[in-house]
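Trainee: Please take me through the surroundings of the ligand, close up. Then add whatever stands out in the backbone.

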Amino acid sequence: MSELLTVEEHRARILAAVNALPVETVRLDEAAGRTLAADVRARHDLPGDDNSSMDGFAVRFADVEGADAESPVPLRVVADLPAGSADDPAFGPGEAVRIMTGAPVPTGADAIVPFEDTAGGLADSLGTVEVLHAPAAAGAFIRRRGGDVRTGDAVLTAGERLGSYALAAAAAGVDRLEVRRRPRVAVVSTGSELVAPGTTPGRGQTPDSNGVLLNALVTGADAEVTVLASVADEPSAIEAVLEHASNVDVVVFSGGVSAGAYEPVRLALSERIAFDKVAMQPGKPQAFGVVDDGRLVFGLPGNPVSVAVSFEVFVRPALLALQGRTAIDRRHARLTASESWRTPPGRRQYLPAVVDLVAGTVRPATAGGSGSHLAASLARAEAFAIVPAEVSVVAVGDPVDVMLIP
Ligand code: AMP
Ligand code: MG
């Protein structure tokens, strides 16, 4: 029996072959899902001024600190500040300025009295206002300049994924961002038995679910599928599709890499990329290499669960590393098995699983075993339970490392 590689050995070979893609500049509104290539620093203090956090009245705290319902304090309202106003109206003792949320607090004020704490409420406007409740302290309801970020603070770090929240933070400083180009990926299903989804399979035929699966997985890894093909078990078809997909960064074949008699990926590419056995279940036969022009080529075993696991363990980290992403792994959790199951000897198991994050438990996604051909059972999975090679059975109550799939 030939030597098995560990998952880590195979993964390390792959990651060693990955170089981050070139940097390009995009507008903020085009940047969702991209990976930042340079830190973003705040160009301004945020907030830019001391401003009001309430609709109400800017006051001198000393004027109103004794106010309550029995002894309301009347103030003369001398100015009005809507949000967006740059005015800094002067006002004296016994006076106030009406102010809306977000407007800069006048230099002479040191507290805000919300409308709700005045006799007239919103109706109180530019005449007088009666303060019924004193603010808790000087500074009440004032958001300080620079309280969120100060000029020069790092807002975002290179290698971060630009999600909605990150983009909102970037808006503090810039309108364009330096990001990595999205990886272009060819997804190629192999198998003379495959028919298009929606077609009724004849005898010996099966729907091509891997194409659909990988298309969605690649897209979910913020990469772009530019070629989506299904080819028969002919080495010449593999050659042809590789030639056609000349403009991609990554080619992902599913099927055709194992030890059968008609494995077209192996037959076509055994001189150009490495075919290995990895100590995992599913996903033992794996092919990977860099073809002469720099494209990364993956050959994944064809069973749908094997494809899903191989993608998570090898392809997704590579797609994220191409984008310069710092965090290339899924989130893991340590959960407790709520059912028992058997695991294969000598190979690390990745078992499609269902989790209860409130109870902190994990169980197999299917009662009927862990067959790597069970595409429909994969639909129930929201995680992979990862069981070390040396463990042969997981018992109820055992702690289990779990990779969470959002
Ligand atoms: P292979 O790795 O080519 O030997 O395929 C292993 C098993 O996965 C076989 O039962 C194939 O029919 C099945 N299979 C391969 N490719 C696909 C695909 N694209 N969609 C669904 N099943 C597939
Ligand atoms: Mg096949």
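Mentor: Start with the element names. Helices (H or I, at least four residues) and strands (E, at least two) are DSSP runs, numbered from the N terminus. This is a predicted model, where local features need pLDDT of at least 70 and side-chain atom pairs count only at pLDDT 80 or more, while totals for chains, interfaces and linings use all residues. Residues are numbered from 1 along each chain as its sequence is written, chains are lettered from A and ligands numbered from 1 in the order written, and side-chain values use heavy atoms, leaving out hydrogens and water.

Now the ligand. Ligand 1 is surrounded by 15 residues, and the closest are Glu193, Asp208, Ser209, Gly256 and Gly302. A residue is near a molecule if one of its heavy atoms lies within 4 Å of it. Strand E12 (184-190), strand E14 (206-207) and helix H4 (209-220) each give this shell at least two residues. By class, the shell holds 3 nonpolar, 10 polar and 2 charged residues. Here Ala, Val, Leu, Ile, Met, Phe, Trp, Tyr, Cys and Pro count as nonpolar; Asp, Glu, Lys and Arg are charged; the others, Gly among them, are polar.

Next, polar contacts: pairs of N or O atoms within 3.5 Å. Glu193 places a polar side-chain atom 2.5 Å from an oxygen atom of ligand 1. Asn210 has a polar side-chain atom 3.3 Å from a nitrogen atom of ligand 1. Pro207 uses its backbone: an N or O atom there lies 3.5 Å from a nitrogen atom of the ligand. On its own, ligand 1 has 480 Å² of accessible area, and the protein covers 76% of that. Such areas come from the Shrake-Rupley method with a 1.4 Å probe.

Which pocket does ligand 1 take up? The second largest. A molecule sits in a pocket if more than half of its atoms lie within 2 Å of the pocket's grid points. A pocket is an open set of points, on a 1 Å grid over the protein atoms alone, where a 1.4 Å probe fits and protein lies on both sides within 12 Å along at least five of seven lines; lining residues have an atom within 4 Å of a point. The volume of this pocket is about 290 Å³, counted as the space filled by probe spheres set on the points, which are joined across faces, edges and corners. Its lining has 19 residues, with Thr190, Glu193, Leu194, Asn210 and Gly302 nearest the centre. E14 and H4 each supply at least two of them. The lining splits into 5 nonpolar, 10 polar and 4 charged residues.

Last, the backbone. Most residues other than glycine have a negative phi, and most peptide bonds are trans. Leu46 and Pro47 are joined by a cis peptide bond, with omega about -15°. Pro47 sits in the loop between strand E2 (40-41) and strand E3 (51-52). Phe141 is not a glycine, yet has a positive phi of about 60°.

Notes: Polar contact = N/O pair within 3.5 Å; in protein donor to acceptor, adjacent residues only side chain to side chain.
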